[in-house]
2 protein chains.
Amino acid sequence: MGCHNPPVDTSARPGRATALRMEGRLHVLRELHAGRIATRAELTTRLGLSRASALEITARLREAALVHEEAAPPDGRRGRPTTLLLPHPEGPLVCAVDIAHETWAVAVVELGGAVLARTTGHISSREADSVLNAVRHAVSGQLDEWGQRVRVLSVSVPGTVCGTRVVQASNLRWRDVDLSVLADLPVLAGNDATLSGLAESRRGAAVDADVALHLKIDVGLGGILVVNGAPMTGATGGGGEFGHLPFGDPRRRCLCGAHGCWDTEVDGRALARLAWQEDSAEPRAAAQRVLAAARSGDPAAARAVDSVARAFGRGVGGLVNALDPRLITVSGVATDLLAAAPESFDTAYRAGLIAFQRTSVPPVRASALGEDGSIIGAAETGFDHVLTESGITAWRAR
Amino acid sequence: MGCHNPPVDTSARPGRATALRMEGRLHVLRELHAGRIATRAELTTRLGLSRASALEITARLREAALVHEEAAPPDGRRGRPTTLLLPHPEGPLVCAVDIAHETWAVAVVELGGAVLARTTGHISSREADSVLNAVRHAVSGQLDEWGQRVRVLSVSVPGTVCGTRVVQASNLRWRDVDLSVLADLPVLAGNDATLSGLAESRRGAAVDADVALHLKIDVGLGGILVVNGAPMTGATGGGGEFGHLPFGDPRRRCLCGAHGCWDTEVDGRALARLAWQEDSAEPRAAAQRVLAAARSGDPAAARAVDSVARAFGRGVGGLVNALDPRLITVSGVATDLLAAAPESFDTAYRAGLIAFQRTSVPPVRASALGEDGSIIGAAETGFDHVLTESGITAWRAR
DNA sequence: CTCCTTTTGTTCGTACTGCGAGCATAATGG
DNA sequence: CCATTATGCTCGCAGTACGAACAAAAGGAG
C-alpha cells in the first residue's frame, strides 16, 4: 500500500508569490504556546528581539486575534511593568479527542494549552460506529459552542495510525477505521503512546530533555522517541512500536504475527501467565490484579512482578544503547511495575547497558501527565498544525 | 559524567544585534551542496525564488567567494541559456578523515562533495599516538597546500564518540582518545557507522528516503537512523548502537558487559563460532573466510551463514517495527551476508514484522557508497558545520 | 538573414521585517 | 519631588524578497 505520512507542514521555504515573512511571529507564537514566554519583556530577554521588534510583532499578533495584551501587575521590582501576553479571548482553538479502551474524552484547548471545555463518555460497545457517533456528537456540540475558532480536530487512538485512518486498534477490535468523518475540519490522528510521549516532552516530565524516550505499558507496550520536541513517528506514522522488538523468548508467538516480541513479556498478560498460568483477555485489569496480589504478599504474584520488571528493565537498557535518550519516562502499567519492583528493574536496566552508558545512566521517571498525556499530546499536534504559515494564513482569512 | 552533545548549530533565531539575515543564501548553499540545484534557473523553479532574488543571492555568494558562476552551454532548447552555479575555485573546504581498522584516509572536499585531494595510509601499530601522528602529518600536509580555505576537520572513527573524544574504539583498543589534537582547526568527530548512514541518506542509496535506517556489520553491528537528513545520534552522541539490543541468547555475555547482544550473533565472530566452533579475534577476516567457505560448498559454513542471516533478518524486522524507516541500507559484512543467503534473511525479516509493516515491506538495499561512506559522511557533517550562519560569517571574516 | 518566440539575466521601485536611538511612561526608592 | 530603572513607543534606516519592465541570448519559421 505504502502509507506516506507527509510531515505536518514543510514550513514553506522563502520563495512563493508575495511571501508573508511571518517567521518571527510564528517563532513568538510557538514560544508562547510552549509556555517559555509570558511577557513582552521576555521577548527581548529570551528571544533576543529588540523592543521595537517586540512591539511590531505583538501588535500584529493582537490585530490578528492571536494574542491579547494586558498590563502586568507591578512585581515589586523597579521600572515600568511589562505587558502580559495572553491567548486572545477570540483566538484559535484545537479540539482534542482521546479514544481509550473504556472511555473517550473531547477537550477544547486554547493557545498555551489551557483546556476551555471538556466532554467525556464511557465506551459500552466497542463497535467503531457506535464510538465514533458518540464522539462526533460531543465534537459537534463543542463546534456549535466555539464555532470557527476551532481550527483542527486532533485524535488520539490506542492503535496504529496512518494519516487519518486507524489501521489497527487491536483492543478496540478496530481495523481500517477512518477518523476524518468525526468533523468537517482538518483531522489529525495519532497513536496514544506516541502522543503521551510528545506531551511529556512538551509539558511533562521530559521538558528539559532534548532526546526523550517514552514507554507506556497498557495492552502491550508502545512509546516514542522525541527529539527536540518532534516525535520520531517514522516514514508511515508507525514508529514507536517498541513492544515488537524481539527481546523475548523466540518460541512465543505474538498476536502481531512475529515471535518473541517484548510485548508478550511485559504487560498484564505476561503477569497473569507468570503468576497463575492464566490467559487473560483484559491485560490492564490482569496487571492490576497481579500487582495487588503481590502487594498483599502472594509469592507467585511477587515472582511474576519481579520477572516482568526484569524483562522490562533489560529491554529499556537495550533501547538506551540504541537510541541514547537523555531521559526515559514511563506511564501506564510500567509506572506501577517500577514502583512495585524498583530494584529488579534497576538491576536489569543497568545490566543491559553498554559500558559507555553506565558512566551516566539515563534516569527513568514516572510520567508527569499520566492518562491525560494522550489528549494533551493530541492538542499539541493540533497546535503544531495551527502554528504554521499556512495555519495562520487560514486563520486570518477566516 | 554526562556528555552533552550540543547540536551543531541551533541556527541563531532572528534576534541578535544587527542580525545578518542570510537565511535565503544559506538555503541556496545547502541545496547547492546537496546537488539538488546546479543552475540559476533552478533557483526559481525548485526553490520558488523570483529571478530578482536569485540574482541578488548569487551575486552575494559570488562576492563572498562561495560560488562561481559560469555561462551554461546551450542545451538545445529555446531561450537564453542559464548560468551554472559551481563551487568557487577559492571557496571553503572541509578536511575529512576516516580512521578504519587497517587504514586511514584524509580527503579534502569542496562544496558539492567533490574530492580535491586524498592521502591514505596503513595502520601498522594501532597505538593511538602512532595513528594520530600519521594522520596529523597527512592533515598538516593538506593544510599547507589549501591553507585558510579548509574550515573544519571532520573525523570518522570506528568507536563511540562524544564531542571530539573517542570514548572507546574496541577494535583499535583505544579508550578516551582526544581527536582535537589532529589540527589547529574546529574538529568534529563521529562514529563510522553513523557517518556512513548519513552519507547514504545524503548521497547514496537512501537519498529519496525521508526516514532511512542504516546498518553496518563490521566488528559488531552499528548503524543510524537518519530522519530528513539528520542523524539521530541521541543525547550524547552514542545513538545507533543497535548491536547492543538484546535480540540474542540472554546467556551469552557480550564484551560490552551486557548479555544477549545482537552483536554476538551477527558478526564474523558469530560466523566462525557457528561454523567451526572457533573463537576469532579478527571478525572481519573470519567473516570473509566463512563466507568464502560457504560459497565453495562447506556445509558447516553454509549453515552458519544461514543462521546468521536469519538472526540478522529477525533483528532488522524488529527495528523496522520500532523505527518505521522508509528504507534500510546495509554495508560491511551485512552486504555479503545478504548476497550469500538472501532467502534466509528475507524470510526471517518478514517473519519479524508486525502485520502493519507487512502491507508494504520496507526494502533492504546494499549501500551505494560502501567503504567510502564513512569519509563522505564525515565531509557532510563538516559542511553541516560550515553552512551555518556562524560558519559563513567566519568564512567572510577570514 | 530577419523576425518571432522562448527563456533567462538585469534594473528599478516597492513592501515587509527587524534594528538602534531617542523619547515617553510607569514603577521603586530616597 | 526627583533620581533611577525597566519598559513601551516613534522614527529613520538597512536588508531581503518581490513584481514589472526591459535587455539579452538562444531556437524556429519564413
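**Reading the contacts in a predicted model**

Q: In this predicted model, which residues come nearest to DNA strand C, and what makes a residue count as being around the strand?
A: Of the 33 residues around DNA strand C, those that come nearest are A:Gly24, A:Ala52, A:Ser53, B:Gly79 and B:Arg80. A residue is counted when its C-beta atom, placed from the backbone, lies within 6 Å of the strand.

Q: Which helices each supply at least two residues of the surface near DNA strand C?
A: From chain A these are helix H1 (23-34) and helix H3 (51-63), and from chain B they are helix H2 (40-45) and helix H3 (51-63). By class, the residues of this surface divide into 14 nonpolar, 10 polar and nine charged.

Q: What is the relation between chain A and chain B, and how do you know that?
A: A turn of 180 degrees, with a shift of 0.0 Å along the axis, lays chain B on chain A with an RMSD of 0.1 Å. That is the relation of a two-fold axis. Of the residues of chain B, the one whose C-alpha comes closest to the rotation axis is B:Phe247, at 2.6 Å.

Q: Why can it be said that the copies meet through the same surface?
A: The interface residues of chain B are, to 100%, also interface residues in chain A, and therefore the copies meet through the same surface.

Q: How many residues of each chain are in contact, and which element of chain B gives the largest share?
A: In this interface 51 residues of chain B are in contact with 51 residues of chain A. Helix H1 (23-33), strand S8 (165-169), helix H9 (299-323) and helix H12 (355-358) of chain B each supply at least two residues of the side that touches chain A, and the largest share, six residues, comes from H9(B). That side of chain B has 23 nonpolar, 20 polar and eight charged residues.

Q: Why are H8(A) and H10(A) called roughly parallel?
A: The axes of helix H8 (residues 283-295) and helix H10 (residues 333-340) of chain A come within 11 Å and cross at roughly 15 degrees. Angles under 35 degrees count as roughly parallel, so H8(A) is roughly parallel to H10(A).

Q: What is the hand of the crossing of H8(A) with H10(A), and which residues make the contact?
A: H8(A) passes H10(A) in a left-handed crossing. The contact is made by A:Arg284, A:Ala287, A:Leu291 and A:Ala294 of H8(A) together with A:Val333, A:Asp336 and A:Ala340 of H10(A), and these residues divide into five nonpolar, no polar and two charged.

Definitions and conventions: Residues are numbered from 1 along each chain as its sequence is written. Chains are lettered from A and ligands numbered from 1 in the order in which they are written. This is a predicted model: local features need pLDDT of at least 70, side-chain atom pairs count only at pLDDT 80 or more; totals for chains, interfaces and linings use all residues. Axes are lines fitted to C-alpha atoms, for helices over the stretch in contact, and angles run from 0 to 180 degrees between N-to-C directions. Helices (H or I, at least four residues) and strands (E, at least two) are DSSP runs, numbered from the N terminus. Angles under 35 degrees count as roughly parallel, over 145 as roughly antiparallel, 65 to 115 as roughly perpendicular and the rest as oblique. A crossing is left-handed if the near helix is turned anticlockwise from the far one by less than a right angle, and right-handed if clockwise. Two residues are in contact if their C-beta atoms, placed from the backbone, lie within 7 Å. Ala, Val, Leu, Ile, Met, Phe, Trp, Tyr, Cys and Pro count as nonpolar, Asp, Glu, Lys and Arg as charged, and the others, Gly among them, as polar. Copies are superposed by least squares on the C-alpha atoms of residues with pLDDT of at least 70 in both.
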